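Reader: I have a new model open on my screen. Can you walk me through it?

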Amino acid sequence: MKTTKFLAATAVLAMSATMALADGPNIFVIGGKPDDPFWSRVKLGAEHAGLVAEMHGGSVTWLGPQNYDNLGPDAAELIRQAIDQGADAIVGPDWVPEAMDPAFEAVVAAGIPLVIYNAGGIEAADRLGAMNYVGAVDYKSGEAAGIYLAEAGHTNGACVNTLPGAANIEAFCSGFNDGMAASGGTGSVLQLPATAFGDSTAVAQAVRAHLLQNPDITALFAIGDQDTNASISGIQQAGKTGSVHVCGMNFNDSILANIQAGTQDCAIDQQGYQQGFFATAILINNVQYGTTIPTREILTGPGIIDASNVELVIAGVQAGAR
Amino acid sequence: MNPSQTQTGARRLSLGALARRPETGSLIGFVVVFAFFAALGGPVFMGAPGWSSWLNIAAEVGIIALPVGLLMISGEFDISVGSTVPAASMMTAMLAGHYDLPASVAIIGGLTTGLAIGFVNGLLVTRTSIPSLIITIGVMFAVMGLTLGFAVMIKGSTSVSYVPDPTTKFLLGQFINNMFSVTILWWLGFAAIFFYVLHVSPLGNWILALGGDRESARNAGIPIDKVTIGLFMASGFCAAFVGVAQVMTYQQAQVAGGQAFIFNSIMCVVIGGVLLTGGAGSILGILLGTMTFAVVNQGVFFAALDPNVGSIIVGALLLAAVLSNDTFRALAMSAAAKKT
């Protein structure tokens, strides 16, 4: 019984391997769960790039884990699956280098072109011998918010840090401060106690107290949509609506409504659709025509959403691309 | 700073009848902490912006701390409040924001979610011999998973936004004078109800007896299962109420969040002089504990201290409260013993 099952499984694998070996470029993209809101946009980007592969008689195959419980080993397994199925090129995120780097090294050792995207940075691409890195950098997202607000004339800003110690949040905040400084302003960090994390009221009251004690502050940067909404409430309760301006990381329906209503100045987006689209497109062209992109580290973000483009973003949300 | 001051305070007042009141320690803690931050925070902290700032915090955690306190007095824990808050806000935002149902239906839906979670907690606690700490942790994770699962399944997103109509916003989500959250009034209302339950109605003695000695309480004819289930439903309801109020205030619901309420509510209750093992505590104490907690939390921002200092103070207060509880209880016991 077990043997037949095993044989059947091998047969299915072999079949899918032969099926995948079509004439054109066959690109395998490793990513998150397809029903994850962020990853569904990345997947759509990869699929849209895949239209070009189909034009050449090739294909784009999305490989995602069932869940995130055992992310590193599961993703490494998906990378090896892509090699086994005869991928012409592979796109993958370096989420857990310890678990995934050996699999990526196997890709490069097999002579398969590789692009790292979403996580790992250009450092991971260099270390692994990948062609390129496609993704956003947290530091630059914060920097973009700082520059945006300072150039709009709000030169004293604070970054609302609800999770002190988390490396990515520190990167957002130091980027924000540097962005403020680069445009002639000054930035600081409002550190919240760990008890405030995820509690909108605690964040709102902290923001309000900080603004009342520091009347010079006219700009805020919040990480995540929940903290952004809470910060807006804090500004309102401090009686400073209109005089203190906010940018936030990421967006959702209510953030877009805030931007339309003018209570929020901008949202910073890492533009997941672009990650899937460009990483896949680079490899399709490379396999088909041998072209390369000499620009190393393709940044897909930060993208800025403000009153000038919010309508377009709302249309993009409906299309599943933003 | 705080442990020593509370301790000396205890000794100085040890002869007075005041010292035998269970909330004396909490009152001293509150006065010391308030004076400390009033000195550092300056006029802004002493003015309406400062008061409203910490009262807004106190109101939300306070509404949850009241039933959590009653449960602790009866000898039980409720950790599940941490996921009841987001579950109820998600239910409300989903019904009103996604399915466009009237706000009243959405609010009832949110509150019913809380009652149902409380009922499951109570049922499991009374039907099994598993400690409530473990059961409510289990229920918390189950509810967290269900909330995330349904949100992603129905909405395809981890947050749902909803803009409430003016009446609903006025009742649950507005800021009076653009400063004082309307939740403060609801908190006082809940406090009055729980005060009646614990200190006036016969139910109060039942709850205290439950925490003192469960078996004796059963033998004395107290319907202990009904009381326990009722208390868990009360805490589910109150946590859900905070969740609903948050939707109306911040106009969106998130699947995560609310976890902070678990420890914060327990801390308010313990700082308020409730005995961790049950059998002793008062509503006034819980209110004072909540206010102390909120003053420390908000005070650090007005005093321009590192917020981590606030966490240290809260931690120290917690230990001081437990120590002084023991002291006050010993005093009360010895005083009572002398009388007889």
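**Domains and overall build**

Author: Sure. This is a predicted model. The domain assignment splits chain A into domain 1 (2-136 + 271-301) and domain 2 (138-269).

Reader: What separates the centres of domain 1 and domain 2 of chain A?

Author: 35 Å, taken over C-alpha atoms. The C-alpha atoms of chain A as a whole fill a box of roughly 70 × 45 × 35 Å along the principal axes.

Reader: How many helices and strands in chain A?

Author: Chain A has 12 helices and 12 strands. Of its 322 residues, 51% are buried. Take contacts in chain A between residues at least 6 apart in sequence: 72% of them join residues at least 24 apart.

Reader: Now the sheet. What is the strand order in the open sheet of 6 strands in chain A?

Author: The order is β7-β6-β8-β9-β10-β12 in chain A, and the pairing is mixed. At the edges sit β7 (186-191) and β12 (303-306) of chain A, each paired on one side only. Neighbouring strands of this sheet are turned by 20° against each other on average, direction ignored.

Reader: Which way do β6(A) and β7(A) run, parallel or antiparallel?

Author: Parallel. 6 bridges join β6 (residues 156-161) of chain A to β7(A). One residue to click on is Val160(A), whose bridge partner in β7(A) is Leu190(A).

Reader: Which strands does helix α7 of chain A touch?

Author: α7 (residues 167-182) of chain A packs on the sheet and touches β6, β7, β8 (219-222) and β9 (245-249) of chain A. The direction of α7(A) makes about 180° with that of β6(A).

Reader: How many residues does α7(A) have, and what does it span?

Author: It has 16 residues. From first C-alpha to last, α7(A) reaches 22 Å, close to the 22 Å expected at 1.5 Å a residue.

Reader: Which residues of α7(A) are buried?

Author: Ile169(A), Phe172(A), Cys173(A), Gly175(A), Phe176(A), Asn177(A), Gly179(A) and Met180(A). Their cover includes α6 (138-151), β6, β7, β8 and β9 of chain A.

Reader: What about Gly184(A)?

Author: Gly184(A) comes just after α7(A) and takes a positive phi of about 85°.

Reader: Different spot. Where does Gln270(A) lie?

Author: In the loop between β10 (266-269) and α11 (272-289) of chain A.

Reader: Why does Gln270(A) count as buried?

Author: Because 21 other C-beta atoms lie within 10 Å, and the cut-off for buried is 20 or more.

Reader: What is Gln270(A) in contact with, leaving aside its neighbours within four places in sequence?

Author: Ala136(A), Ser141(A), Thr300(A), Gly301(A) and Pro302(A). Ser141(A) is 129 residues from Gln270(A) along the chain, yet their C-alpha atoms are separated by 7.6 Å.

Reader: Last topic, the contact between the chains. How many residues from chain A and chain B?

Author: 33 residues come from chain A and 38 residues from chain B. On chain B, the elements that each supply at least two residues to the side touching chain A include α3 (48-73), α11 (224-250) and α14 (307-339). The largest share of that side, 5 residues, comes from α3(B).

Reader: How do the residues on that side of chain B divide into nonpolar, polar and charged?

Author: The side of chain B that touches chain A has 14 nonpolar, 22 polar and 2 charged residues.

Technical notes: Residues are numbered from 1 along each chain as its sequence is written. Chains are lettered from A and ligands numbered from 1 in the order in which they are written. This is a predicted model: local features need pLDDT of at least 70, side-chain atom pairs count only at pLDDT 80 or more; totals for chains, interfaces and linings use all residues. Two residues are in contact if their C-beta atoms, placed from the backbone, lie within 7 Å. Helices (H or I, at least four residues) and strands (E, at least two) are DSSP runs, numbered from the N terminus. Ala, Val, Leu, Ile, Met, Phe, Trp, Tyr, Cys and Pro count as nonpolar, Asp, Glu, Lys and Arg as charged, and the others, Gly among them, as polar. Two strands pair if DSSP finds at least two bridges between them. Axes are lines fitted to C-alpha atoms, for helices over the stretch in contact, and angles run from 0 to 180 degrees between N-to-C directions. Domain bounds come from an automatic or database domain assignment. The expected span of a helix is 1.5 Å times one less than its number of residues. A residue is buried if 20 or more other C-beta atoms lie within 10 Å of its own, exposed if 12 or fewer, and partly exposed in between; C-beta atoms are placed from the backbone.
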